[in-house]
Amino acid sequence: MGPYVFARAGLTVFAELKFPFSLGSDNHSGVHPKVMAALAAANRGHAHAYGLDEVCELAKTEFRRLFGPKVQVEYVFTGTAANVLSLAPFLSSFNSVICSEMAHLHMDECGAPEKFWGGKLFALPSKDGRIFPEQTAELFQRMGDQHFSQPKAVSLTLPSEVGVCYSLDDLKNWSRFCREKNLMLHVDGARLTNAAVTLGVSLRELTEGVDVVSFGGTKNGLMGAEAVLLFTDRAKNEFKFYRKQAMQLSSKTRFLAAQFYAFLKEDLWREIAVHTTSLARGLSESLKDFPEIRVAFPVQSNAVFVELPKPWIHPLREKFMFYVWDPQTHLCRWMISWDWSEDLNQKLLNEIAEVRKCFPIK
Ligand SMILES: Cc1ncc(COP(=O)(O)O)c(C=O)c1O
(Lines give C-alpha, C1' and ligand atoms only; values in the text may rest on other atoms or scores of the structure.)
Protein backbone atom coordinates (compact mmCIF):
# COMPACT_ATOMS: atom_id res chain seq x y z
CA MET A 1 0.00 0.00 0.00
CA GLY A 2 1.45 3.33 -1.04
CA PRO A 3 1.67 6.45 1.03
CA TYR A 4 -1.60 7.91 2.20
CA VAL A 5 -1.70 11.66 1.85
CA PHE A 6 -3.60 13.98 4.15
CA ALA A 7 -3.37 17.03 1.94
CA ARG A 8 -6.85 18.46 2.07
CA ALA A 9 -6.42 20.84 4.95
CA GLY A 10 -3.20 22.20 3.53
CA LEU A 11 -1.28 19.66 5.57
CA THR A 12 0.83 17.07 3.88
CA VAL A 13 1.29 14.16 6.23
CA PHE A 14 2.46 10.83 4.94
CA ALA A 15 1.64 7.61 6.69
CA GLU A 16 2.11 4.10 5.45
CA LEU A 17 -1.16 2.22 5.85
CA LYS A 18 -0.19 -1.41 6.19
CA PHE A 19 -3.82 -2.45 6.46
CA PRO A 20 -6.06 -0.21 4.38
CA PHE A 21 -9.03 -2.20 5.68
CA SER A 22 -9.02 -3.90 9.03
CA LEU A 23 -11.13 -6.56 10.69
CA GLY A 24 -9.57 -5.68 14.03
CA SER A 25 -12.31 -3.38 15.23
CA ASP A 26 -15.15 -1.20 14.06
CA ASN A 27 -13.11 1.58 15.69
CA HIS A 28 -10.52 1.14 12.93
CA SER A 29 -12.68 2.58 10.18
CA GLY A 30 -12.99 6.28 9.51
CA VAL A 31 -15.99 8.57 9.54
CA HIS A 32 -18.94 7.96 7.23
CA PRO A 33 -18.99 10.60 4.44
CA LYS A 34 -22.53 11.71 5.35
CA VAL A 35 -21.41 12.26 8.94
CA MET A 36 -18.35 14.17 7.74
CA ALA A 37 -20.59 16.30 5.53
CA ALA A 38 -22.82 17.07 8.52
CA LEU A 39 -19.77 18.15 10.51
CA ALA A 40 -18.75 20.46 7.68
CA ALA A 41 -22.29 21.83 7.46
CA ALA A 42 -22.31 22.57 11.20
CA ASN A 43 -18.99 24.35 10.84
CA ARG A 44 -20.31 27.77 9.96
CA GLY A 45 -20.77 30.91 11.99
CA HIS A 46 -21.15 30.92 15.75
CA ALA A 47 -23.57 28.92 17.88
CA HIS A 48 -24.45 28.57 21.53
CA ALA A 49 -22.39 26.07 23.47
CA TYR A 50 -23.09 23.29 26.00
CA GLY A 51 -26.14 21.84 24.29
CA LEU A 52 -28.01 25.06 23.67
CA ASP A 53 -27.37 25.22 19.94
CA GLU A 54 -29.81 24.65 17.09
CA VAL A 55 -28.14 21.45 15.90
CA CYS A 56 -28.74 19.85 19.30
CA GLU A 57 -32.43 20.69 18.92
CA LEU A 58 -32.52 19.16 15.44
CA ALA A 59 -30.82 15.98 16.61
CA LYS A 60 -33.17 15.77 19.60
CA THR A 61 -36.13 15.78 17.23
CA GLU A 62 -34.65 12.77 15.46
CA PHE A 63 -33.95 10.95 18.73
CA ARG A 64 -37.57 11.54 19.78
CA ARG A 65 -38.85 10.28 16.44
CA LEU A 66 -36.94 7.03 16.87
CA PHE A 67 -37.00 6.45 20.64
CA GLY A 68 -40.24 8.17 21.64
CA PRO A 69 -41.06 11.59 23.09
CA LYS A 70 -39.80 10.86 26.62
CA VAL A 71 -36.16 10.32 25.77
CA GLN A 72 -33.60 12.68 27.31
CA VAL A 73 -30.45 12.82 25.16
CA GLU A 74 -27.02 13.60 26.62
CA TYR A 75 -23.77 13.51 24.66
CA VAL A 76 -20.41 12.20 25.81
CA PHE A 77 -17.19 11.42 23.99
CA THR A 78 -16.55 7.74 24.71
CA GLY A 79 -18.47 4.53 25.16
CA THR A 80 -16.82 3.99 28.53
CA ALA A 81 -18.06 7.38 29.70
CA ALA A 82 -21.54 6.59 28.37
CA ASN A 83 -21.62 3.37 30.39
CA VAL A 84 -20.25 4.84 33.59
CA LEU A 85 -22.42 7.97 33.40
CA SER A 86 -25.50 5.91 32.54
CA LEU A 87 -25.16 4.27 35.95
CA ALA A 88 -23.37 6.67 38.28
CA PRO A 89 -26.25 9.11 38.93
CA PHE A 90 -28.41 6.25 40.19
CA LEU A 91 -25.95 4.60 42.53
CA SER A 92 -24.30 5.05 45.90
CA SER A 93 -20.95 3.51 46.68
CA PHE A 94 -22.68 0.75 48.65
CA ASN A 95 -24.59 -0.32 45.53
CA SER A 96 -23.69 -2.96 42.97
CA VAL A 97 -24.47 -3.52 39.31
CA ILE A 98 -25.21 -6.96 37.86
CA CYS A 99 -23.58 -7.63 34.49
CA SER A 100 -22.00 -10.46 32.52
CA GLU A 101 -18.47 -11.69 33.09
CA MET A 102 -17.49 -10.43 29.66
CA ALA A 103 -19.23 -7.04 29.90
CA HIS A 104 -17.14 -4.17 28.60
CA LEU A 105 -18.10 -2.41 31.83
CA HIS A 106 -16.40 -5.19 33.79
CA MET A 107 -13.45 -6.25 31.62
CA ASP A 108 -12.47 -3.31 29.46
CA GLU A 109 -13.04 -0.08 31.34
CA CYS A 110 -10.01 -0.19 33.62
CA GLY A 111 -12.15 -0.06 36.75
CA ALA A 112 -13.71 3.27 35.67
CA PRO A 113 -17.14 2.26 37.02
CA GLU A 114 -15.64 1.22 40.37
CA LYS A 115 -13.54 4.39 40.55
CA PHE A 116 -16.33 6.71 39.51
CA TRP A 117 -19.15 5.54 41.73
CA GLY A 118 -17.04 3.47 44.09
CA GLY A 119 -19.35 0.45 44.10
CA LYS A 120 -19.14 -3.15 42.98
CA LEU A 121 -19.90 -5.15 39.86
CA PHE A 122 -21.41 -8.61 40.19
CA ALA A 123 -20.22 -10.30 37.01
CA LEU A 124 -22.28 -13.41 36.21
CA PRO A 125 -21.25 -16.27 33.91
CA SER A 126 -22.88 -15.72 30.56
CA LYS A 127 -24.26 -17.62 27.60
CA ASP A 128 -22.70 -15.96 24.55
CA GLY A 129 -22.38 -12.76 26.59
CA ARG A 130 -26.01 -12.83 27.76
CA ILE A 131 -27.22 -13.18 31.34
CA PHE A 132 -30.66 -14.05 32.70
CA PRO A 133 -32.70 -13.14 35.81
CA GLU A 134 -32.68 -16.77 37.12
CA GLN A 135 -28.95 -16.41 37.73
CA THR A 136 -29.35 -13.66 40.30
CA ALA A 137 -31.28 -15.31 43.18
CA GLU A 138 -28.29 -15.47 45.52
CA LEU A 139 -27.59 -11.78 45.13
CA PHE A 140 -30.95 -10.85 46.62
CA GLN A 141 -30.72 -12.96 49.76
CA ARG A 142 -28.91 -10.24 51.65
CA MET A 143 -30.91 -7.15 50.80
CA GLY A 144 -30.73 -4.78 53.75
CA ASP A 145 -27.66 -6.54 55.15
CA GLN A 146 -25.12 -3.81 55.89
CA HIS A 147 -22.25 -6.21 55.16
CA PHE A 148 -23.32 -6.79 51.58
CA SER A 149 -23.14 -4.51 48.54
CA GLN A 150 -26.75 -3.79 47.55
CA PRO A 151 -27.75 -4.53 43.92
CA LYS A 152 -29.28 -1.44 42.32
CA ALA A 153 -28.90 -1.91 38.57
CA VAL A 154 -28.57 -4.48 35.82
CA SER A 155 -26.40 -3.78 32.79
CA LEU A 156 -26.98 -5.81 29.62
CA THR A 157 -24.89 -5.51 26.46
CA LEU A 158 -26.94 -5.61 23.26
CA PRO A 159 -25.62 -7.08 21.03
CA SER A 160 -23.36 -8.86 23.49
CA GLU A 161 -19.57 -8.62 23.38
CA VAL A 162 -19.56 -11.67 21.09
CA GLY A 163 -22.31 -10.29 18.87
CA VAL A 164 -25.34 -12.21 20.15
CA CYS A 165 -28.72 -10.52 20.72
CA TYR A 166 -31.15 -10.86 23.61
CA SER A 167 -34.64 -11.56 22.27
CA LEU A 168 -37.48 -9.10 22.94
CA ASP A 169 -38.87 -11.65 25.43
CA ASP A 170 -35.52 -11.78 27.25
CA LEU A 171 -35.58 -7.98 27.49
CA LYS A 172 -39.18 -7.99 28.74
CA ASN A 173 -38.25 -10.54 31.40
CA TRP A 174 -35.36 -8.39 32.56
CA SER A 175 -37.53 -5.31 32.57
CA ARG A 176 -40.22 -7.01 34.69
CA PHE A 177 -37.58 -8.37 37.04
CA CYS A 178 -35.99 -4.95 37.48
CA ARG A 179 -39.37 -3.33 38.26
CA GLU A 180 -40.08 -6.02 40.89
CA LYS A 181 -36.68 -5.58 42.51
CA ASN A 182 -36.54 -1.79 42.10
CA LEU A 183 -33.42 -1.98 39.93
CA MET A 184 -32.34 0.30 37.09
CA LEU A 185 -32.08 -1.45 33.73
CA HIS A 186 -29.15 -0.25 31.64
CA VAL A 187 -28.29 -1.36 28.12
CA ASP A 188 -24.79 -0.95 26.74
CA GLY A 189 -25.81 -0.30 23.15
CA ALA A 190 -22.46 0.45 21.55
CA ARG A 191 -23.92 -1.42 18.54
CA LEU A 192 -27.62 -1.23 19.39
CA THR A 193 -28.62 -0.41 15.82
CA ASN A 194 -27.32 -3.82 14.72
CA ALA A 195 -29.58 -5.51 17.26
CA ALA A 196 -32.62 -3.58 16.01
CA VAL A 197 -31.92 -4.70 12.45
CA THR A 198 -31.20 -8.32 13.40
CA LEU A 199 -34.35 -8.59 15.51
CA GLY A 200 -36.42 -6.67 12.95
CA VAL A 201 -37.78 -4.19 15.48
CA SER A 202 -37.71 -0.42 15.87
CA LEU A 203 -35.27 1.25 18.24
CA ARG A 204 -38.27 2.27 20.32
CA GLU A 205 -39.56 -1.29 20.69
CA LEU A 206 -36.09 -2.48 21.54
CA THR A 207 -35.69 0.01 24.39
CA GLU A 208 -39.22 -0.30 25.80
CA GLY A 209 -38.87 -1.02 29.52
CA VAL A 210 -35.20 0.05 29.66
CA ASP A 211 -34.22 2.96 31.93
CA VAL A 212 -31.00 4.10 30.34
CA VAL A 213 -29.03 3.28 27.20
CA SER A 214 -25.48 3.93 26.10
CA PHE A 215 -26.17 4.59 22.42
CA GLY A 216 -23.07 4.04 20.31
CA GLY A 217 -21.94 6.39 17.57
CA THR A 218 -18.22 5.91 17.04
CA LYS A 219 -18.38 2.22 16.12
CA ASN A 220 -21.04 2.97 13.53
CA GLY A 221 -19.34 5.67 11.47
CA LEU A 222 -19.25 8.64 13.86
CA MET A 223 -16.21 10.17 15.53
CA GLY A 224 -15.90 10.51 19.28
CA ALA A 225 -19.63 10.86 19.72
CA GLU A 226 -21.78 8.71 22.02
CA ALA A 227 -25.14 9.42 23.59
CA VAL A 228 -26.70 8.53 26.92
CA LEU A 229 -30.44 8.08 26.50
CA LEU A 230 -32.45 8.46 29.69
CA PHE A 231 -35.99 7.07 29.75
CA THR A 232 -36.60 7.53 33.44
CA ASP A 233 -37.24 10.59 35.53
CA ARG A 234 -34.99 9.31 38.30
CA ALA A 235 -31.73 11.32 38.19
CA LYS A 236 -32.83 13.28 35.12
CA ASN A 237 -31.61 16.47 36.74
CA GLU A 238 -28.51 15.04 38.36
CA PHE A 239 -27.02 13.61 35.16
CA LYS A 240 -25.50 16.88 34.01
CA PHE A 241 -23.55 17.36 37.23
CA TYR A 242 -22.04 13.90 37.02
CA ARG A 243 -21.09 14.44 33.37
CA LYS A 244 -19.33 17.70 34.15
CA GLN A 245 -17.42 16.09 37.01
CA ALA A 246 -16.47 13.29 34.63
CA MET A 247 -15.06 15.93 32.24
CA GLN A 248 -17.38 14.75 29.50
CA LEU A 249 -19.34 17.95 28.96
CA SER A 250 -18.53 19.12 25.46
CA SER A 251 -18.64 22.87 24.86
CA LYS A 252 -19.07 22.80 21.06
CA THR A 253 -21.94 20.32 21.29
CA ARG A 254 -23.12 21.14 17.79
CA PHE A 255 -20.35 18.91 16.42
CA LEU A 256 -21.53 15.89 18.41
CA ALA A 257 -25.18 16.58 17.65
CA ALA A 258 -24.50 17.09 13.92
CA GLN A 259 -23.05 13.60 13.69
CA PHE A 260 -26.07 12.02 15.36
CA TYR A 261 -28.37 14.13 13.21
CA ALA A 262 -26.76 12.67 10.08
CA PHE A 263 -26.83 9.18 11.59
CA LEU A 264 -30.53 9.26 12.50
CA LYS A 265 -32.05 11.50 9.83
CA GLU A 266 -33.06 9.49 6.78
CA ASP A 267 -32.19 6.37 8.79
CA LEU A 268 -28.52 6.18 7.88
CA TRP A 269 -28.20 4.10 11.10
CA ARG A 270 -30.37 1.41 9.53
CA GLU A 271 -28.52 1.48 6.20
CA ILE A 272 -25.20 0.98 8.00
CA ALA A 273 -26.56 -1.74 10.30
CA VAL A 274 -28.16 -3.66 7.41
CA HIS A 275 -24.88 -3.40 5.50
CA THR A 276 -22.56 -4.57 8.27
CA THR A 277 -24.81 -7.29 9.69
CA SER A 278 -25.56 -8.80 6.29
CA LEU A 279 -21.87 -8.79 5.32
CA ALA A 280 -21.05 -10.52 8.61
CA ARG A 281 -23.79 -13.11 8.04
CA GLY A 282 -22.73 -13.63 4.42
CA LEU A 283 -19.14 -14.15 5.48
CA SER A 284 -20.10 -16.74 8.08
CA GLU A 285 -22.28 -18.56 5.51
CA SER A 286 -19.38 -18.71 3.06
CA LEU A 287 -17.18 -20.20 5.76
CA LYS A 288 -19.21 -23.42 5.38
CA ASP A 289 -16.81 -24.14 2.50
CA PHE A 290 -14.07 -24.36 5.11
CA PRO A 291 -14.94 -27.13 7.59
CA GLU A 292 -11.60 -26.45 9.29
CA ILE A 293 -13.07 -23.19 10.60
CA ARG A 294 -15.68 -23.13 13.35
CA VAL A 295 -17.94 -20.10 13.66
CA ALA A 296 -18.05 -19.86 17.43
CA PHE A 297 -21.21 -17.81 18.06
CA PRO A 298 -24.43 -17.07 16.17
CA VAL A 299 -23.76 -14.10 13.86
CA GLN A 300 -26.33 -11.50 14.90
CA SER A 301 -24.31 -8.32 14.68
CA ASN A 302 -21.26 -7.08 12.76
CA ALA A 303 -18.95 -9.56 14.51
CA VAL A 304 -17.81 -12.95 13.28
CA PHE A 305 -15.95 -15.02 15.87
CA VAL A 306 -14.05 -17.93 14.37
CA GLU A 307 -11.85 -20.70 15.68
CA LEU A 308 -9.12 -20.89 13.07
CA PRO A 309 -6.57 -23.66 12.62
CA LYS A 310 -3.51 -22.36 14.44
CA PRO A 311 -1.13 -22.45 11.41
CA TRP A 312 -3.55 -20.24 9.44
CA ILE A 313 -3.62 -17.36 11.88
CA HIS A 314 -0.24 -15.81 11.20
CA PRO A 315 -0.42 -15.84 7.37
CA LEU A 316 -3.97 -14.48 7.43
CA ARG A 317 -2.97 -11.73 9.82
CA GLU A 318 -0.23 -10.76 7.39
CA LYS A 319 -2.99 -9.78 4.95
CA PHE A 320 -5.89 -8.76 7.20
CA MET A 321 -5.53 -7.18 10.59
CA PHE A 322 -7.57 -8.95 13.30
CA TYR A 323 -7.22 -9.94 16.93
CA VAL A 324 -6.81 -13.35 18.49
CA TRP A 325 -9.47 -13.36 21.20
CA ASP A 326 -8.40 -16.54 22.95
CA PRO A 327 -4.96 -18.00 22.17
CA GLN A 328 -5.93 -21.32 23.84
CA THR A 329 -8.77 -22.08 21.43
CA HIS A 330 -7.43 -19.93 18.54
CA LEU A 331 -10.62 -17.91 18.72
CA CYS A 332 -10.34 -14.82 16.53
CA ARG A 333 -12.63 -11.84 16.11
CA TRP A 334 -13.49 -10.28 12.77
CA MET A 335 -15.37 -6.99 13.02
CA ILE A 336 -17.13 -5.59 9.98
CA SER A 337 -17.04 -1.81 9.67
CA TRP A 338 -19.45 0.43 7.76
CA ASP A 339 -17.00 0.69 4.83
CA TRP A 340 -16.43 -3.07 4.45
CA SER A 341 -17.70 -4.64 1.22
CA GLU A 342 -18.66 -7.88 -0.55
CA ASP A 343 -15.44 -7.51 -2.45
CA LEU A 344 -13.41 -7.50 0.77
CA ASN A 345 -15.34 -10.53 2.03
CA GLN A 346 -14.35 -12.31 -1.19
CA LYS A 347 -10.71 -11.22 -0.84
CA LEU A 348 -10.67 -12.66 2.67
CA LEU A 349 -12.22 -15.94 1.46
CA ASN A 350 -9.68 -16.15 -1.39
CA GLU A 351 -6.89 -15.60 1.08
CA ILE A 352 -8.25 -18.35 3.33
CA ALA A 353 -8.31 -20.70 0.33
CA GLU A 354 -4.67 -19.82 -0.43
CA VAL A 355 -3.62 -20.39 3.17
CA ARG A 356 -5.41 -23.75 3.17
CA LYS A 357 -3.34 -24.84 0.17
CA CYS A 358 -0.11 -23.95 1.99
CA PHE A 359 -1.17 -25.34 5.39
CA PRO A 360 -3.59 -28.23 4.81
CA ILE A 361 -5.21 -29.53 7.98
CA LYS A 362 -5.47 -33.31 8.19
C1 LIG B 1 -19.81 -3.25 23.98
C2 LIG B 1 -18.93 -2.04 24.18
N3 LIG B 1 -19.28 -1.12 25.08
C4 LIG B 1 -18.55 -0.03 25.31
C5 LIG B 1 -17.38 0.20 24.61
C6 LIG B 1 -16.56 1.41 25.00
O7 LIG B 1 -16.19 2.29 24.02
P8 LIG B 1 -14.93 3.26 24.17
O9 LIG B 1 -13.74 2.50 23.75
O10 LIG B 1 -15.32 4.39 23.26
O11 LIG B 1 -14.82 3.73 25.58
C12 LIG B 1 -16.95 -0.73 23.66
C13 LIG B 1 -15.70 -0.54 22.91
O14 LIG B 1 -15.08 -1.42 22.37
C15 LIG B 1 -17.75 -1.90 23.45
O16 LIG B 1 -17.40 -2.84 22.55
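Me: What makes a residue in this protein count as buried, and what share of the 362 residues is buried?
Reply: A buried residue has 20 or more other C-beta atoms within 10 Å of its own. In this predicted model, buried residues make up 44% of the 362 residues.

Me: Why is alanine 353 called exposed?
Reply: Happy to walk through that one. Alanine 353 has 11 other C-beta atoms within 10 Å, and the limit for exposed is 12 or fewer, so alanine 353 is exposed. You will find alanine 353 in helix H13, residues 342–358. Its C-alpha atom is 8.3 Å from that of phenylalanine 290, a residue 63 positions away along the chain.

Me: How do you know whether methionine 247 is buried or exposed?
Reply: The count is 9 other C-beta atoms within 10 Å. Exposed requires 12 or fewer, so methionine 247 is exposed. Methionine 247 sits in the loop between helix H9 (239–245) and helix H10 (254–264).

Me: And what makes aspartate 267 partly exposed?
Reply: Aspartate 267 has 15 C-beta neighbours inside 10 Å. Exposed stops at 12 and buried starts at 20, so aspartate 267 falls in between and counts as partly exposed. The loop that holds aspartate 267 runs between H10 and H11.

Me: What is notable about phi in methionine 247 and in aspartate 267?
Reply: Most residues other than glycine have a negative phi. Methionine 247, however, has a positive phi near 60°, and aspartate 267 has a positive phi near 55°.

Me: How do you know that the bond between leucine 158 and proline 159 is cis?
Reply: Look at omega, which is about -10° for the peptide bond joining leucine 158 and proline 159. Most peptide bonds are trans. Proline 159 is in the loop between strand S6 (150–157) and helix H6 (168–181).

Me: What makes the shell around the ligand mainly polar or mainly nonpolar?
Reply: Mainly polar: the shell divides into seven polar, two charged and one nonpolar residue. Its members are Thr78, Gly79, Thr80, Asn83, His104, Thr157, Glu161, Asp188, Ala190 and Thr218. Ala counts as nonpolar, Asp and Glu as charged, and the others here, Gly among them, as polar. Helix H3 (residues 79–87) contributes the largest share, three residues.

Me: How do you know that domain 1 and domain 2 touch?
Reply: Residues are in contact when their C-beta atoms lie within 7 Å, and 19 residues of domain 1 are in contact with 22 residues of domain 2. Helix H11 (268–286) and strand S11 (303–307) each supply at least two residues of the domain 1 side. H11 gives the most, with eight residues. By class, that side has 11 nonpolar, six polar and two charged residues.

Me: Where do the two domains lie along the chain, and what separates their centres?
Reply: Domain 1 covers 23–29 + 268–358, and domain 2 covers 33–266. Their centres, taken over C-alpha atoms, are 27 Å apart.

Me: How many helices and strands does the protein have, and why is it called as compact as a globular protein of that length?
Reply: There are 13 helices and 13 strands. The radius of gyration is 21 Å, close to the 21 Å that the globule rule gives for 362 residues, so the protein is as compact as a globular protein of that length. Along its principal axes, the C-alpha trace spans about 65 × 55 × 35 Å.

How values were computed:
Residues are numbered from 1 along each chain as its sequence is written. This is a predicted model: local features need pLDDT of at least 70, side-chain atom pairs count only at pLDDT 80 or more; totals for chains, interfaces and linings use all residues. Helices (H or I, at least four residues) and strands (E, at least two) are DSSP runs, numbered from the N terminus. Domain bounds come from an automatic or database domain assignment. Two residues are in contact if their C-beta atoms, placed from the backbone, lie within 7 Å. A residue is near a molecule or strand if its C-beta atom, placed from the backbone, lies within 6 Å of it. The radius of gyration is taken over C-alpha atoms; the globule rule is 2.2 Å times the number of residues to the power 0.38.
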